[in-house]
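Please read the following walk through the structure with the coordinates open beside the text. The paragraphs move from single helices to individual residues and then to the chain as a whole.

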Amino acid sequence: MIAPALTDALSKWLDHARAIDDAAENTLKAYQADVLGFLAFMGEHHGGQQGLGPIAKISVSDMRSWMARARSGGVGARTLARQLSAVKSFYRWLAEREGFEPTAVLSTRAPKFQKKLPRPLAEDAATAMIETVELQASEAWIAARDSAVITVLYGCGLRISEALSLTGADYPLPATLRIKGKGGKERIVPVIDAARDAVSDYVALAPFDPQPGDPLFRGARGGALNPRIVQKVMERARLQLGLPATATPHAMRHSFATHLLSAGGDLRAIQELLGHASLSTTQAYTAVDTARLLEVYDKAHPRA
């Protein structure tokens with residue numbers, strides 16, 4: 001049981017994160033779920049309603065019990081680390097507001113986990129994917145649409161949500177696009193000719209005129225294209241090509257970054273193009289590139 005004062009504090013913290021940190025709505029929902037789960041456990045753990053008083057007295061032992069319960073319940077190290085990060089952020093804010101010492105919470109170490117590297121496609125596989133998605137639809141305009149979406153993901157390094165947020169006002173695609181990414185952060189992305197041409201081919205065949213207030217990429221009935229449709233068409237294409245399950249729409253964005261890096265692109269510039277808040281996020285691609293180089297080296301120079 002969580003006391004009203006505590007749920008009110010959580011609501012105000014989320015408002016703070018929305019206004020000051022410009023956190024995205026999906027991020028805020030994850031924060032809320034993570035912190036509520038933590039508070040619910042503490043209520044059960046202590047056998048009573050958790051208000052501001054008891055929650056300010058949480059001990060190191062309490063934190064260990066919460067983490068142990070989570071792990072025994074099947075929560076992975078990566079997910080638990082994310083939940084702990086949300087709890088710490090809430091506690092840091094609440095401690096400053098209420099004037100208590102949050103050391104027991106803030107000093108808790110996150111479980112170690114192996115960071116997953118991005119899984120890009122090889123350059124020829126990325127090209128084959130764009131060509132093969134066209135074969136999945138019976139109607140020519142839908143085939144052209146699917147090819148255009150995948151080309152934009154790969155050619156501009158966009159998230160699928162960013163590509164599907166383009167409107168008729170963005171057509172014809174200009175030399176650069178102003179993209180609003182996670183947390184409302186804006187970035188300028190150059191548009192390659194292949195992406196511009198693919199979108200033009202799609203619009204020429206589509207039964208809808210691109211209006212400024214309407215989505216650029218339409219579903220079969222004229223509404224906004226559902227990202228699940230793009231995911232499904234890529235699933236069918238990857239099966240035909242014999243590509244792994246990691247060949248997803250987001251993998252096209254990873255491929256964009258990795259192929260730029262392989263061609264000598266500057267890491268800082270790639271960070272700007274991807275809209276990563278931290279360079280450390282982009283640096284994962286250096287590990288991918290190194291891994292690929294080592295793989296090629298090993299094939300060329302097999303050990304005796």
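Helix α12 has 14 residues, and its first and last C-alpha atoms lie 20 Å apart, close to the 20 Å expected at 1.5 Å a residue. The model is a predicted one. Helix α12 is mostly covered, with 11 of its 14 residues buried. The buried residues of α12 are P249, A251, M252, R253, H254, S255, F256, A257, T258, H259 and L261. In an α-helix, residues three or four places apart point the same way, because there are 3.6 residues a turn. Just after α12, G264 has a positive phi of about 100 degrees.

A257 can be taken as one residue of this helix, which covers residues 249–262. A257 counts as buried because its relative accessibility is 0%, and the cut-off for buried is under 20% relative accessible area. Along the chain A257 is 16 residues from L273, and the C-alpha atoms of the two are separated by 8.7 Å.

Helix α5, residues 77–98, can be checked against its expected length in the way used for α12. The 22 residues of α5 should span 32 Å at 1.5 Å a residue, and its end C-alpha atoms are 31 Å apart, so the two values agree. Just after α5 comes G99, which takes a positive phi of about 75 degrees.

Next comes R109, which is placed in the loop between α6 (103–106) and α7 (123–133). Is R109 buried or exposed? R109 is exposed, because its relative accessible area is 74% and the cut-off for exposed is over 50%. Apart from residues up to four places away in sequence, R109 touches M67 and L84. R109 and A81 are 28 residues apart in sequence, with 8.6 Å between their C-alpha atoms.

R145 belongs to helix α8 (residues 140–156). R145 is buried, because its relative accessible area is 3% and buried means under 20%. The side chain of R145 makes a polar contact of 2.9 Å with the side chain of D146. Which residues does R145 contact, leaving aside its neighbours within four places in sequence? They are Y202, F217, R218, G219, A220, L225 and I229.

Y202 and R218, both in contact with R145, also appear in the lining of the largest cavity. The full lining consists of Y202, V203, A206, F208, D209, P210, Q211, D214, P215, L216 and R218. The volume of the largest cavity is about 60 Å³. The count of cavities of 30 Å³ or more comes to 1. Rolling a probe the size of a water molecule over the atoms shows where empty space is left.

The loop between α9 (160–163) and β1 (176–180) contains P172. The peptide bond from Y171 to P172 is cis, with omega near -5 degrees.

A further arginine, R196, lies in helix α10, which runs over residues 193–205. What joins the side chains of R196 and D193? A polar contact of 2.8 Å joins them. A polar atom of the R196 side chain also lies 3.1 Å from the backbone oxygen of V191. Not counting residues up to four places away in sequence, R196 touches L173, P174, A175 and V191. V191 therefore appears in two ways, through the distance from its backbone oxygen and among the residues that R196 touches, where a contact means heavy atoms within 4.5 Å.

The last step is the chain as a whole. The chain holds 15 helices and 2 strands. Of its 304 residues, 42% count as buried. The accessible surface comes to about 16,300 Å², and carbon and sulfur atoms account for 52% of this surface. Among contacts between residues at least 6 apart in sequence, 62% join residues at least 24 apart.

Definitions and conventions
Residues are numbered from 1 along each chain as its sequence is written. This is a predicted model: local features need pLDDT of at least 70, side-chain atom pairs count only at pLDDT 80 or more; totals for chains, interfaces and linings use all residues. Side-chain values use heavy atoms; hydrogens and water are left out. Helices (H or I, at least four residues) and strands (E, at least two) are DSSP runs, numbered from the N terminus. A polar contact is a pair of N or O atoms within 3.5 Å; within protein, one must be able to donate a hydrogen and the other to accept it, and residues adjacent in sequence count only if both atoms are side-chain atoms. Buried means under 20% relative accessible area, exposed over 50%, partly exposed in between (1.4 Å probe, protein chains only). Accessible areas come from the Shrake-Rupley method with a 1.4 Å probe; for residues, only the protein chains shown count as cover. The expected span of a helix is 1.5 Å times one less than its number of residues. On a 1 Å grid over the protein atoms alone, a cavity is a set of points where a 1.4 Å probe fits but cannot get out, and a pocket is an open set with protein on both sides within 12 Å along at least five of seven lines; lining residues have an atom within 4 Å of a point. Grid points are joined across faces, edges and corners, and a volume is the space filled by probe spheres set on the points.
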